[in-house]
Every structure is written in structure tokens, then in C-alpha cells.
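Please read these points with the model open beside you. They deal with the sheet, the helices packed on it and the main pocket.

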Amino acid sequence: MALRNIVVEGDEILRKKCREITDVNDRIRQTLDDMVETMHEAMGVGLAAPQVGIMRRMFVAEPEPGGTIYYFINPEITMREGSVEGEEGCLSVPGFAGLVDRPQKITIKGLDRNGEPQEFTFEDFEARVMCHEYDHLDGILYKDRAKEMYDLSEQYEEE
């Protein structure tokens with residue numbers, strides 16, 4: 001495994017729509033493993049391929065530290081239900097957080113790291129994480145959906 005560089009806002013790759021993966025092979029699995037290692041190192045809960053400079057439809061997520069790691073290849077959100085406002089941040093938008101409306105519950109399907117079909121239903125924070133990472137695959141940053149943005153450095157100055 002290897003750490004990857006995280007692409008930050010301003011790099012045009014974050015605004016492009018990713019291409020589908022046609023062959024789940026060892027190279028894809030290695031990239032997913034690298035993404036998990038990079039996510040852990042950066043103390044994130046999710047990481048999408050474009051955030052490490054790869055224009056493919058895949059992401060990893062671990063909503064609970066030390067919990068289940070989810071691997072999604074060519075994901076598709078098939079159901080959205082409810083609406084919940086919550087705070088989000090992003091490894092590609094360091095130093096900021098924002099208030100974003102997301103579905104309270106989603107169903108998402110796609111391929112796992114071995115190319116096998118999978119489908120999960122997530123609620124609350126887990127649904128938020130999956131929607132956030134899914135958006136990256138279409139070139140959407142959470143700040144595009146945010147009602148309000150906060151500069152975290154200002155909060156630290158006040159303390």
C-alpha cells in the first residue's frame with residue numbers, strides 16, 4: 001500500500017465527472033487499498049478517486065473509526081428519503097466546514113472490491129458520508145450544496 005497525495009480545491013480534476021470502471025482488477029484493488037491508507041492517514045471518513053487524482057467512479061468510506069470499510073465501484077444511489085441538515089468537511093477543502101442538507105436515508109448499489117454486486121441502505125451520518133463521496137464522482141463539492149460555510153481557522157483564533 002502507498003499513501004496518495006490528496007488533491008485540493010482549485011485543481012480542475014475535482015470538477016470533472018469520473019468514468020465508469022469496466023474491469024475490476026488488481027490495479028483497481030491496489031488503488032482502493034491506497035485510498036483507505038490515505039484516508040486513515042488524513043483522519044477522514046471517506047475518500048473518492050478524484051481526490052487522489054484518479055478519474056474513475058470509485059470511493060472508500062469508513063463512517064465509524066475502526067468500523068466497516070465500504071468499497072464502492074460504479075456506485076448508484078437508487079433511493080433517497082427524508083432530509084437532514086448537518087455539518088460537513090472535506091479533505092479536499094481543508095480548513096472549512098459547511099452546513100449541508102442530505103437525505104436522511106439512502107440505498108446505494110455498486111460493485112465491491114472484487115467486482116461483485118452489492119447494495120446497502122444507510123441512514124443519518126452514514127448516508128451523509130456516502131452522498132458526499134458519491135458527489136465527488138460527478139465533480140460536485142459539498143460547498144456547492146452548503147447553505148453556510150465556516151472558516152475553521154477563525155474558530156481556533158477565538159479560543
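1. In this predicted model, helix H2 (124-136) lies across S1, S2, S3, strand S6 (105-111) and S7. Its direction is at about 115° to that of S3.

2. The sheet under H2 is open and has five strands, in the order S1-S2-S3-S6-S7, with antiparallel pairing. Strand S1 (46-48) and strand S7 (117-123) are at the edges; each has a single partner strand, so one side of each lacks a neighbour in the sheet. Ignoring direction, neighbouring strands are turned by 35° against each other on average.

3. At the S1 edge, three bridges link S1 to strand S2 (residues 58-61), and the two run antiparallel. One residue to check there is Gly46, whose bridge partner in S2 is Ala61.

4. Helix H1 (residues 26-41) also packs on the sheet, where it touches S1, S2 and strand S3 (70-81). The direction of H1 makes about 40° with that of S2.

5. The largest pocket has a volume of about 290 Å³. Of the 15 residues that line it, Val45, Glu88, Gly89, Cys90 and His132 are the closest to its centre. Strand S4 (84-88) and H2 are the elements that give two or more residues to this lining.

6. Which element provides the largest share of the lining of the largest pocket? That is H2, with five residues. By type, the lining of the largest pocket divides into six nonpolar, five polar and four charged residues. H2 thus appears in two places in this note: across the sheet and in the pocket lining.

Notes:
Residues numbered from 1 in each chain as written. Predicted model: local features only at pLDDT ≥ 70, side-chain atom pairs only at ≥ 80, totals over all residues. Heavy atoms only, no water. 1 Å grid on protein atoms, 1.4 Å probe; cavity = no way out; pocket = protein on both sides within 12 Å on 5 of 7 lines; lining within 4 Å. Points joined across faces, edges and corners; volume = space filled by probe spheres on them. Helix = DSSP H or I, 4+ residues; strand = E, 2+ residues; numbered from the N terminus. Nonpolar A, V, L, I, M, F, W, Y, C, P; charged D, E, K, R; others polar. Pairing = 2+ DSSP bridges. Axes fitted to C-alpha atoms, helices over the stretch in contact; angles between N-to-C directions. Contact = heavy atoms within 4.5 Å.
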